[in-house]
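This report describes one predicted model, with attention to ring contacts, strand pairing and burial. The criteria are given where each term first appears.

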Amino acid sequence: MARGGPLVARRRGVGHYAKSMRIGILTGGGDCPGLNAAIRAVVKRGTSELGHSILGFRNGWRGFLDGDAIPLDRDDVQGTLVHGGTMLGTARCHPQEEPDGLKRAQEVVEAERLDSIICIGGDGTLTAAARVGETGVPVIGIPKTIDNDVVGTDVSIGFDTAMMIATEAIDRLHSTAESHNRVMVVEVMGRNCGWIAVCAGISGGADIILAPEEPFDIGKVAQKIRHRHHANRGFSIVSVAEGAIPSPGSEWQRKDSLDKKGNPISGEIGAQVTRELEARTGFETRLTVLGYVQRGGTPTATDRLLATRMGVAAIDAATKGVTQKFAAARGDKIVMEDFSVSASKIKHVPQDILDAIRGL
Ligand code: F6P
């Protein structure tokens with residue numbers, strides 16, 4: 001029994017839910033900065049404040065199906081707030097896609113006598129959580145993804161840090177672009193959305209932003225760069241989302257830049273755009289692919305705060321027996337949103353942010 005037990009629960013405002021519970025926690029999908037901050041909040045609040053036992057499952061739903069678990073208490077999360085990645089490990093695994101996956105998940109819940117599972121993940125992991133929840137297992141979600149594409153929450157854990165890393169990179173590329181009068185193409189992650197390319201592009205002062213939300217015509221991009229250079233702007237910064245797409249019907253189309261699942265292959269579109277722009281403008285053009293740097297390292301203060309608040313909201317909701325919901329940022333509030341709102345959907349960059357690019 002964790003320190004404090006039922007007595008503590010009674011004192012902390014969830015009194016009438018004071019049963020000490022066994023709560024499972026996992027992180028699934030691509031890692032990102034802030035995951036440990038969320039785990040830490042769940043463990044600290046869950047054990048010391050609410051008297052629960054917290055069981056960490058390694059390597060996402062894969063470890064869950066294998067019953068690969070470790071008990072977690074305050075000491076285990078000591079000092080983890082600043083650490084990137086996830087102390088539990090992660091994997092891209094979804095029970096509904098595994099043989100007897102949903103049944104095996106139920107068996108693990110029974111074997112571990114779990115009262116609820118907290119799943120920290122992106123659209124894939126949260127969709128899997130919804131499917132496991134449909135079998136009657138209590139599940140709560142916490143949205144994390146640098147892609148910021150989870151519907152139902154204003155922002156997901158990890159996005160702020162990735163945006164900061166990409167903005168910093170664009171800042172740095174300015175000095176070398178200016179020194180060499182070059183066109184610098186920087187490809188950023190984001191899967192099929194342009195949140196990082198657009199937000200870091202605006203924050204870093206990129207001259208051209210190519211995002212999936214606005215298919216582009218490479219001819220017009222080259223023309224804009226020529227105009228800049230002829231107007232004594234001897235350099236240009238082009239922020240390209242890995243999922244950026246040329247306008248259907250425009251004379252240039254990308255080649256083989258998607259994997260078997262239809263996801264963008266890191267570095268592909270950036271390389272093709274770089275070659276095309278150099279050929280069409282005649283200006284030296286260089287490529288930077290930020291890749292996994294955007295997912296690494298310490299989380300920003302904003303991500304630490306968001307992850308901590310979502311962790312607290314998730315464990316409080318689990319304590320109240322809430323299920324099939326995820327912690328969502330809504331303005332300055334954290335609310336519990338239905339899984340059905342986000343399942344199998346992605347959130348694109350809204351028009352008003354895209355409109356902010358024009359004329360910059
Ligand atoms: O979803 C996060 C993300 O980093 C995407 O931006 C990127 O397309 C993808 O994951 C890379 O996947 P993996 O980690 O499997 O290479």
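Two rings of Phe, Tyr or Trp (the six-membered ring for Trp) count as a pair if their centres lie within 6.5 Å; planes under 30 degrees apart are called stacked, over 60 edge-to-face, and the rest tilted. The structure holds five aromatic pairs. In one of them, the rings of phenylalanine 159 and tryptophan 195 are edge-to-face, because their centres are 6.1 Å apart and their planes stand at 80°. Helices (H or I, at least four residues) and strands (E, at least two) are DSSP runs numbered from the N terminus. Phenylalanine 159 belongs to helix H7 (residues 159–180) and tryptophan 195 to helix H8 (residues 195–204), so this pair ties together parts that are 36 residues apart in sequence. Buried is used for a relative accessible area under 20%, exposed for over 50% and partly exposed for values in between, with a 1.4 Å probe and protein chains only. Phenylalanine 159 is buried at 6% relative accessibility, and tryptophan 195 is buried at 8%.

Phenylalanine 326 and phenylalanine 339 form a stacked pair, 6.3 Å centre to centre with 15° between the planes. This pair links distant parts of the chain, 13 residues apart: phenylalanine 326 is in strand E10 (residues 325–330) and phenylalanine 339 in helix H12 (residues 339–342). Both phenylalanine 326 and phenylalanine 339 are buried. Elsewhere, ring pairs join Phe57, Trp61 and Phe64 into a cluster.

A charge sits over a ring if NZ of Lys or CZ of Arg is within 6 Å of the ring centre and within 35 degrees of the ring normal. Tryptophan 195 has the charged end of lysine 347 over its ring, 4.9 Å from the centre. Arginine 228 lies over the face of phenylalanine 235, at 5.4 Å from the ring centre.

Two sentences cover conventions. Residues are numbered from 1 along each chain as its sequence is written. In this predicted model, local features need pLDDT of at least 70 and side-chain atom pairs count only at pLDDT 80 or more, while totals for chains, interfaces and linings use all residues; side-chain values use heavy atoms, with hydrogens and water left out.

The chain has 13 helices and eleven strands. Its radius of gyration, taken over C-alpha atoms, is 22 Å, close to the 21 Å that the globule rule (2.2 Å times the number of residues to the power 0.38) gives for 360 residues, so the chain is as compact as a globular protein of that length. The C-alpha trace spans about 75 × 40 × 30 Å along its principal axes. Of the 360 residues in the chain, 55% are buried.

Two strands are taken as paired if DSSP finds at least two bridges between them. Pairings that involve strands E1 (residues 22–27) and E4 (residues 116–121) are among those listed here.

| Strands | Bridges | Direction | One bridge |
|---|---|---|---|
| E1 and E4 | five | parallel | leucine 26 with cysteine 119 |
| E4 and E5 | five | parallel | isoleucine 120 with isoleucine 142 |
| E1 and E2 | four | parallel | arginine 22 with serine 53 |
| E2 and E3 | four | antiparallel | phenylalanine 57 with alanine 69 |

Strand E4 is mostly covered, with six of its six residues buried. Ser116, Ile118 and Ile120 are buried on one side of E4, and Ile117, Cys119 and Gly121 on the other. Strand E2 (residues 53–57) has four of its five residues buried, so it is largely enclosed by the rest of the structure.

A crossover is right-handed if, with the strands pointing away from the viewer, the path from the first strand over the helix to the second runs clockwise. The chain passes from E1 through helix H2 (residues 35–49) to E2 in a right-handed β-α-β crossover. E4, helix H6 (residues 123–133) and E5 also make a right-handed β-α-β unit.

A disulfide is a pair of cysteine sulfur atoms within 2.5 Å. By this rule the structure has zero disulfides. For cysteine 93, the nearest cysteine sulfur is that of cysteine 119, 12 Å away. Cysteine 93 is buried, with a relative accessible area of 2%. For cysteine 193, the nearest cysteine sulfur is that of cysteine 199, 11 Å away. Cysteine 193 is buried at 0% relative accessibility.
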